[in-house]
Amino acid sequence: MPPVLEFEDISKEYNRFMGSRRVVALEHFSLEVQAGEIFGFLGPNGAGKTTAIHLAMGFMRSTRGRGRMLGKTFGDARARSRVGFLAENVALYHRPAEQLVRFYGALNNLKGKLLKSRAREVLEAVGLDQEARRNVAKFSRGMQQRVGLAQALVNDPELLILDEPTSALDPVARVKIRSLLLSVRDAGKTVFLSSHLLSEVELVCDRVAMLNKGRLVKLGKTSELLQSGQEMEIVARGIRAASFPGASAADGAVRFAVPVSQQKSALERVWDLGGEVVSVNPVRHSLEQIFLQVTGQQPEQSALGDGG
Amino acid sequence: MRHIALIAINFVREQRWPILVLMSWVGLLAIMGLFINLRTARDDVLFIFKQLGVYGIAFAVFFGASAIHNDRKTRRILAVLSKSVGRRQYISGLLAGILIATGMYSFAMGVTGTWVLRGSHFSASHIWLLMACLVLACLLAATVSVLFSTFMNPLFATLGTAVLLGVPALAGRQLGSWWAHAIPAYSLLELLLETAVGETLRFPWGLAALAAGETILFWLFAAWIFERRDIAVAVD
């Protein structure tokens, strides 16, 4: 099955200050997103995430390389009719929510009863059915973001491209949107999710790509990335924490990590010391730890924020 | 066509306040018509009527020069162009919106002018021919300003439009009328500005065809440039 979204060795450079300075936003960037997955797209500010998304949507032209979305070259208007897009810092015309969603639906070739019913359905899906007649200018930023998501969903897209979709949402709305994304995936659609909320990405994404300074630095299944495979965590009782370097004690149990190669000897040592092994599991890293590692940033320097 | 109509109607809706301001001047002319004595103040009324024509052109240029910039600056353009809308359709929608706005204005001006200038040997057909010329001039001027706005900010786009439309008009005064017809926005407006009571106007088919042809060319050129522009970068 051909990829839904495909970047092929794409580079993008901007001219700044009347062309005197060139800024490289993306460099030899290649990526394939397969149908039916939720794909997480991560990177610090200025990494090139939004540039990559804007290239896919045809808002920009690449300096080198090419890409395809739903089998069509980037920028093809027919392909966009099968795509839903939510921009970072959503900006919408000021009019009643339902009218606005219908306007965007009509721009995606929906009409008549179907357009009307889809507009209602998506507003209900994002929890704004009671506010459908209110002008979006009077909405909070979180509510506007939900209207933005509704307009992205109105055409029942095969590919949903979301740039920071939950940044302004409260925890309840975030949970709702998370389950909405999972239901979109379960319906066989693809979600391309750029977010700086790593915990969200960890929860919903099947695969993730990490971008740093315009280059792809990590790509893989979320479950595999989180599971290092290099270290095992051993939890034991009846021993002292001081017996093992780096061990910590809590609730009567001692917890420590050892390289896979030393797992057997560590277990034997626990037993030799008269201890009882409670569990042995591969060490799991959080996406945040992996992110900081691959971007070479210290926690205090890390700026997983808007832009990118 | 549906996309163009949707964008055009959306443009008119977004620009409803400037359009209302524009219309209020026509309203003032209508109010004047209620109270003046046409026999003594006919020339004053005619002067104001001509002035309204100039306002129409000016607004068409301002609408054209700022339309893309406003949508880019507010980032609203992203949601529109993320749909099944081509760049050429987007430009066409904006121009259609400006055409609707200036068409409404010219229609209101025509109705008001016909009523206010009744009984002054100024025929209704004469007024409506002038309004048709005004609409064509507005559309041509707006298309030129949209063309400039695809790669300039609104201030420079307005200045560029003024130069491109003004130079032929000035050249026409120095070198002969042929030069003034090179980009005939001013020539069409001049028909309104130079009109006099008792005059019979023959519709300038040649100028109208030239204006329509140039409008199409400038529109295609604007779309060609806009299709090659990165729209998601800072506009200032």
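In chain B of this predicted model, helix H5 (residues 87-116) and helix H10 (residues 205-227) have axes that come within 8 Å and cross at roughly 135°. Angles over 145 degrees would count as roughly antiparallel, and H5(B) and H10(B) are therefore oblique to each other. Their crossing is right-handed.

If you would like to find this contact on your screen, start with the H5(B) side, where Arg87(B), Arg88(B), Tyr90(B), Ile91(B), Ser92(B) and Leu95(B) take part. They meet Trp219(B), Leu220(B), Ala222(B), Ala223(B), Phe226(B) and Glu227(B) of H10(B). Sorted by class, the contact between H5(B) and H10(B) has eight nonpolar residues, one polar residue and three charged ones.

Let us move along chain B to helix H6 (residues 124-149), whose axis comes within 8 Å of the axis of helix H9 (residues 185-193). How do these two helices run relative to each other? Their axes cross at roughly 155°, which makes H6(B) roughly antiparallel to H9(B). The crossing of H6(B) and H9(B) is left-handed.

From H6(B), the residues in this contact are Leu130(B), Met131(B), Cys133(B), Leu134(B), Leu136(B), Ala137(B) and Leu140(B). Facing them from H9(B) are Ala185(B), Leu188(B), Leu189(B), Leu191(B) and Leu192(B). Which classes of residue does the contact of H6(B) with H9(B) have? It has twelve nonpolar residues, with no polar and no charged ones.

H6(B) has another packing partner to look at: helix H7 (residues 154-175) of chain B packs against H6(B) at an angle of about 130°, with the two axes 8 Å apart. That angle makes H6(B) oblique to H7(B). Here the crossing is right-handed. On the H6(B) side you will find Ala141(B), Val144(B), Ser145(B), Phe148(B) and Ser149(B), and on the H7(B) side Ala157(B), Gly160(B), Thr161(B), Leu164(B) and Leu165(B). The contact of H6(B) with H7(B) has six nonpolar and four polar residues, and no charged ones.

Now for some empty space. The second largest pocket holds about 360 Å³. Among its 19 lining residues, Gly58(A), Met60(A), Arg61(A), Phe74(A) and Gly75(A) are the closest to its centre, so they are handy landmarks when you look for the pocket. Which elements of chain A each supply at least two residues of the lining? They are helix H1 (49-57), strand S4 (64-69) and helix H2 (77-80). By class, the lining of this pocket has eight nonpolar, six polar and five charged residues.

Conventions: Residues are numbered from 1 along each chain as its sequence is written. Chains are lettered from A and ligands numbered from 1 in the order in which they are written. This is a predicted model: local features need pLDDT of at least 70, side-chain atom pairs count only at pLDDT 80 or more; totals for chains, interfaces and linings use all residues. Side-chain values use heavy atoms; hydrogens and water are left out. On a 1 Å grid over the protein atoms alone, a cavity is a set of points where a 1.4 Å probe fits but cannot get out, and a pocket is an open set with protein on both sides within 12 Å along at least five of seven lines; lining residues have an atom within 4 Å of a point. Grid points are joined across faces, edges and corners, and a volume is the space filled by probe spheres set on the points. Helices (H or I, at least four residues) and strands (E, at least two) are DSSP runs, numbered from the N terminus. Ala, Val, Leu, Ile, Met, Phe, Trp, Tyr, Cys and Pro count as nonpolar, Asp, Glu, Lys and Arg as charged, and the others, Gly among them, as polar. Axes are lines fitted to C-alpha atoms, for helices over the stretch in contact, and angles run from 0 to 180 degrees between N-to-C directions. Angles under 35 degrees count as roughly parallel, over 145 as roughly antiparallel, 65 to 115 as roughly perpendicular and the rest as oblique. A crossing is left-handed if the near helix is turned anticlockwise from the far one by less than a right angle, and right-handed if clockwise. Contact means heavy atoms within 4.5 Å.
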